[in-house]
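Colleague: I have a new model open and would like some help reading its sheet. Could you walk me through it?

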Amino acid sequence: MAPRRRSNTGFIGVRLRPAGHFAAEITAGGTRVWLGTFYTKEAAARAYDVAAWRFGRPRHEMNFPEVRSLTEAQSLSTEPLLRSQGEARRYRSGQRRIDTTEADEQFMAQWRRDHPGAVEAERAFWKEKQTYRRERRAGKRQRRAEYEAEYAKGEASTWGEDDERWLWNLSSTASEDTPSEDEDFDF
């Protein structure tokens, strides 16, 4: 897997806030988790790396791949800048999400080790579903192309098969038989 694109700060998961501080975020389990606001981009990048270590991410997805362990990453990390109770609450909520996601990641890794057949069955299911969707899309594109070709020749209509105008058009022979907009169609 190719390494993630680094932001304009030069670090993964770090962005510059309008006030000049740096925010750190990580995505885990389909959820974006806010890690805090920091005075320097290096401190924000180290907070990202601590979370990445906790989630078991590979080193090429970290900002400082030379760090050898979670404890070393935690020792180099600093506490975020919490300027209000709202930010403190948001930080605590993010830490709870990290704890929950970390436990989920560990559980799923253990489950995958214990049930390799289920993992293969799931992969086969999604591959089959992907193939089905591709075939269905290709069929729709083919039918659409055929219809557009017929329409360009004047052999097709924009009316659908179940449109009541078909019946009215086929059954009417004179303009006096044409129902007004207020009348109901009684066929």
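Colleague: How many bridges join β2 to β3, and do they run parallel or antiparallel?

Modeller: Happy to help, and bear in mind that this is a predicted model. To read a strand pair, look at the bridges and then at the direction. Here β2 and β3 are joined by 7 bridges and run antiparallel. For one example, A28 has T31 in β3 as its bridge partner.

Colleague: What is the strand order in the open sheet?

Modeller: For the order, step across the sheet from neighbour to neighbour. This open sheet has 3 strands, ordered β1-β2-β3 with antiparallel pairing. β1 (14–16) and β3 (31–38) are the edge strands, each pairing on one side only. On average, neighbouring strands in the sheet are turned by 30° against each other, ignoring direction.

Colleague: Which strands does helix α1 lie across, and which does α3 lie across?

Modeller: Check the strands a helix touches, then its angle. Helix α1 (residues 41–54) lies across β1, β2 and β3, at about 15° to β2. Helix α3 (residues 85–114) lies across β2 and β3, and runs at about 135° to β3.

Colleague: Now a single residue: why does E25 count as buried?

Modeller: The cut-off is under 20% relative accessible area. E25 counts as buried because its relative accessibility is 13%. This residue sits in strand β2 (residues 22–28).

Colleague: What does the side chain of E25 join in a polar contact?

Modeller: The partner is the side chain of R15, at 3.2 Å. Beyond four places in sequence, the contacts of E25 include R15, W34 and Y48.

Terms used. Residues are numbered from 1 along each chain as its sequence is written. This is a predicted model: local features need pLDDT of at least 70, side-chain atom pairs count only at pLDDT 80 or more; totals for chains, interfaces and linings use all residues. Side-chain values use heavy atoms; hydrogens and water are left out. Helices (H or I, at least four residues) and strands (E, at least two) are DSSP runs, numbered from the N terminus. Buried means under 20% relative accessible area, exposed over 50%, partly exposed in between (1.4 Å probe, protein chains only). A polar contact is a pair of N or O atoms within 3.5 Å; within protein, one must be able to donate a hydrogen and the other to accept it, and residues adjacent in sequence count only if both atoms are side-chain atoms. Contact means heavy atoms within 4.5 Å. Two strands pair if DSSP finds at least two bridges between them. Axes are lines fitted to C-alpha atoms, for helices over the stretch in contact, and angles run from 0 to 180 degrees between N-to-C directions.
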